[in-house]
Every structure is written in structure tokens, then in C-alpha cells.
Amino acid sequence: MEVDEGVPLADEQVEVEFGYEIDSATLKQGAEARLFRCTYLGRPAVAKERFEKKYRHPQLDTLLTKERLKAELRALVKCRQLGIDVPTVYFIDSAKNRIIMERIEGDLTVRDYIERVRKDPSNSFAELLRPLANDIGDMLANLHKANMVHGDLTTSNLLLRNADPSKLVVIDFGLSYAQVTAEDKGVDLYVLEKALLSTHPNTEFLFEIILESYRKSAGKKSAENVIRKLDEIRLRGRKREMIG
Ligand SMILES: Nc1ncnc2c1ncn2[C@@H]1O[C@H](COP(=O)(O)OP(=O)(O)OP(=O)(O)O)[C@@H](O)[C@H]1O
Ligand SMILES: [Mg+2]
């Protein structure tokens with residue numbers, strides 16, 4: 001399509017030109033980002049758009065928004081190479097701070113799945129969740145082996161492809177970074193432990209399974225280093241809680 005310079009295109013036209021089309025409905029409204037259902041060259045997709053934060057200084061805001069988008073993009077590409085299941089990136093609309101990526105079908109987060117299993121009295125809770133916890137530990141060890149951390153590991157940032165608990169998909173890498181230390185990895189585990197226990201009461205055993213599988217996949221020596229850090233971070237956390 002040829003466009004005269006100086007004649008701005010309507011937003012929808014630009015999007016179609018780029019190969020994606022936004023459905024009107026917002027899928028999710030998060031703290032930092034909006035998710036839209038869309039299609040990319042006919043494939044089911046989502047657009048994750050980081051929006052302006054009015055309370056931040058405008059220049060700082062622009063910088064942070066771009067940094068997070070870049071961090072997310074880098075991590076998604078890297079994970080793909082590592083064999084960690086993440087949404088495929090289709091397109092970056094940098095003018096709008098949007099990542100257009102594969103839509104993970106099934107609309108089920110690990111958060112919702114754990115709660116569903118937990119509430120069903122006929123279920124053997126621990127046994128049903130064991131394979132998933134194993135996969136989470138294994139995935140995290142693989143990420144850490146590549147010297148990356150996720151940065152925001154919660155059960156809402158883990159999805160299940162087609163609602164299948166054996167198909168773990170990791171999302172939301174805006175706070176991830178590379179070239180990390182054992183301490184950074186320990187913090188990554190600690191964030192997950194805290195998120196797990198605060199969202200899902202009485203799931204201490206789940207984190208134990210995650211750690212067990214992490215130990216196996218990360219290799220004894222490096223897992224020991226990270227878990228020693230985790231213990232230190234826990235202790236600091238408890239001291240802070242006592243001081244208040
Ligand atoms: N590729 C995807 N396919 C399907 N659903 C998705 C996809 N990405 C995100 N979602 C849904 O949207 C929700 C929010 O996405 P995400 O966690 O990436 O944004 P956020 O938490 O607002 O982001 P941030 O923490 O970077 O501000 C997810 O919990 C999930 O339910
Ligand atoms: Mg999220």
C-alpha cells in the first residue's frame with residue numbers, strides 16, 4: 001500500500017498493514033499492561049500493550065516501558081531457544097509498545113488450576129499437582145542454567161496450553177534479566193514461594209516438590225548454591241517481618 005507522506009493512516013489501517021487486527025474487546029487489564037485479543041495473519045494472537053503511567057515522570061515512564069518491552073522480547077526469544085514453552089512472538093509494534101504474540105488457548109492459569117483442584121474435595125490434591133510442580137521446578141532450573149531469571153514468578157504468569165496441566169507455558173517476562181548471580185536466582189525462587197503461599201494457602205508441599213525437581217535439573221552444585229541463598233533471603237525476610 002502506498003501512502004503519501006504527511007497523510008496519517010487511521011490506527012486500524014496501520015495495524016492491518018502490519019499484519020495484525022485487534023478485536024475490540026480487552027482481554028485483561030493488568031497493572032502495567034492491557035491485553036487485547038487479536039489475529040496475526042489469520043492466527044489467534046494477543047497484543048500486550050504497556051500503557052503510560054501518569055504518576056511517573058514522562059521521560060522515565062517512556063524509558064521503563066521500552067526497557068520492559070525489550071526485556072520481555074529478549075526473554076521470549078531466549079526461552080524458545082532453550083525449549084521452554086512460551087508464546088511465539090509474531091510482531092513488535094514499537095510505536096504503541098505492543099508485542100503481538102501467539103494466543104495460548106484454554107484460558108487457564110496455573111493459579112486458577114491450583115484453586116480448582118484445591119476446592120474439589122474428591123481430589124487427592126498433592127498427587128494431582130505433583131507433575132505440574134515438577135514441571136515448574138524443571139522449567140525454572142533450565143531458565144537459571146541459562147543465567148536468566150524471570151523476575152515476577154507468580155501462578156498467574158504460568159498458563160496451561162489448551163487447559164492441559166501437562167502443558168506449562170511461561171509468560172510475562174517484563175522484569176526478567178540475564179547474566180544473573182546465585183543471589184538473583186535465589187530471589188526468583190523466593191518470589192515464587194511467597195506468591196504460591198499467599199495465593200494458595202497450605203501449599204508448602206508444592207514448593208517442596210518444585211525445589212526437589214529444581215535440584216535435580218539444575219545440577220547438585222549450582223542448586224545447592226542457589227538454595228543456600230534462598231535460605232538467607234528467607235531469614236532476612238523473617239527478620240524484617242519481626243521488626244515490622
Ligand atoms: N499469550 C497469551 N495468550 C493467552 N492469554 C494471555 C497471553 N498473555 C497473557 N495472557 C493473559 O493475560 C494476563 C496478563 O498478562 P501478563 O501477565 O503478560 O500481563 P501483566 O501482568 O499485566 O503484565 P506486566 O506484569 O508486565 O505489567 C495473563 O495472566 C493471562 O491470563
Ligand atoms: Mg502477569
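**Exercise 1. Asn142 in its surroundings**

Decide whether Asn142 is buried, partly exposed or exposed in this predicted model, and describe which residues Asn142 touches beyond its neighbours in sequence.

*Solution.* Begin with the accessibility: the relative accessible area of Asn142 is 25%, and because the buried class ends under 20% while the exposed class starts over 50%, Asn142 is partly exposed. Next, place the residue in the secondary structure, where Asn142 belongs to helix α4. Then turn to its contacts: once residues up to four places away in sequence are set aside, Asn142 touches Leu82 and Ile84. Finally, a comparison along the chain can be made with Leu160, which is 18 residues from Asn142 in sequence and, C-alpha to C-alpha, 18 Å from Asn142 in space.

**Exercise 2. The packing of α4 against α5**

Determine how helices α4 and α5 are oriented to each other, and list the residues through which they meet.

*Solution.* Two quantities describe a pair of packed helices, namely the angle between the axes and the distance between the axes. Helix α4 covers residues 125-145 and helix α5 covers residues 182-199; the two pack at an angle of about 155 degrees, and their axes are 11 Å apart. Since angles over 145 degrees count as roughly antiparallel, α4 and α5 are therefore roughly antiparallel to each other. The handedness is the next step, and the crossing of α4 and α5 is right-handed. On the α4 side the contact is made by Ile136, Leu140 and His144, which meet Lys185, Asp188, Leu189 and Leu192 of α5. Sorted by class, the residues of this contact of α4 with α5 comprise four nonpolar, one polar and two charged.

**Exercise 3. Two contacts of α7**

Describe how helix α7 crosses α5 and how α7 crosses α6, and give the classes of residues in each contact.

*Solution.* Take α5 first: the axes of α5 and helix α7 (residues 220-243) come within 8 Å, crossing at roughly 60 degrees. This angle makes the two helices oblique to each other, and the crossing of α5 and α7 is right-handed. Among the residues that α5 contributes are Ala182, Val187, Leu189 and Tyr190, while those from α7 include Val226, Leu230, Ile233 and Arg234. By class, the contact of α5 with α7 holds seven nonpolar, three polar and eight charged residues.

Now take α6, which spans residues 204-218: the axes of α6 and α7 come within 7 Å and cross at roughly 145 degrees. From α6, the residues Phe207, Leu211, Tyr214, Arg215 and Ala218 meet Lys220, Ser222, Ala223, Val226, Ile227, Leu230 and Arg234 of α7. The contact of α6 with α7 divides by class into eight nonpolar, one polar and three charged residues.

**Exercise 4. Strand β5 and its partners**

Establish to what extent strand β5 is enclosed, and identify the strands with which β5 pairs.

*Solution.* Start with burial: strand β5 runs over residues 98-102, and five of its five residues are buried, so this strand is largely enclosed by the rest of the structure. Then consider β3 (residues 43-50), which pairs with β5 in the antiparallel sense over five bridges; within this pairing, Lys48 has Ile99 of β5 as its bridge partner. Strand β4 (residues 89-93) likewise pairs with β5 in the antiparallel sense, over four bridges, and Val89 stands opposite Met101 in β5. The last step concerns the hairpin of β4 and β5, in which four residues lie between the strands and Asn97 takes a positive phi near 55 degrees.

**Exercise 5. Positive phi in two loops, and a buried arginine**

Locate Asn147 and Ala163, state the accessibility of each, and then examine Arg68.

*Solution.* Asn147, although not a glycine, has a positive phi of about 60 degrees, and this residue lies in the loop between α4 and β6. With a relative accessibility of 33%, Asn147 counts as partly exposed. Ala163 is also not a glycine and has a positive phi of about 60 degrees; its position is the loop between β7 and β8, where Ala163 is partly exposed at a relative accessible area of 33%.

Arg68, by contrast, lies in helix α2 (residues 58-82). Its relative accessible area is 19%, and because this falls under the 20% limit, Arg68 is buried. Not counting residues up to four places away in sequence, Arg68 touches Glu32, Arg50, Arg56, Gly174 and Leu175.

Conventions: Residues are numbered from 1 along each chain as its sequence is written. Chains are lettered from A and ligands numbered from 1 in the order in which they are written. This is a predicted model: local features need pLDDT of at least 70, side-chain atom pairs count only at pLDDT 80 or more; totals for chains, interfaces and linings use all residues. Side-chain values use heavy atoms; hydrogens and water are left out. Axes are lines fitted to C-alpha atoms, for helices over the stretch in contact, and angles run from 0 to 180 degrees between N-to-C directions. Angles under 35 degrees count as roughly parallel, over 145 as roughly antiparallel, 65 to 115 as roughly perpendicular and the rest as oblique. A crossing is left-handed if the near helix is turned anticlockwise from the far one by less than a right angle, and right-handed if clockwise. Contact means heavy atoms within 4.5 Å. Ala, Val, Leu, Ile, Met, Phe, Trp, Tyr, Cys and Pro count as nonpolar, Asp, Glu, Lys and Arg as charged, and the others, Gly among them, as polar. Buried means under 20% relative accessible area, exposed over 50%, partly exposed in between (1.4 Å probe, protein chains only). Two strands pair if DSSP finds at least two bridges between them.
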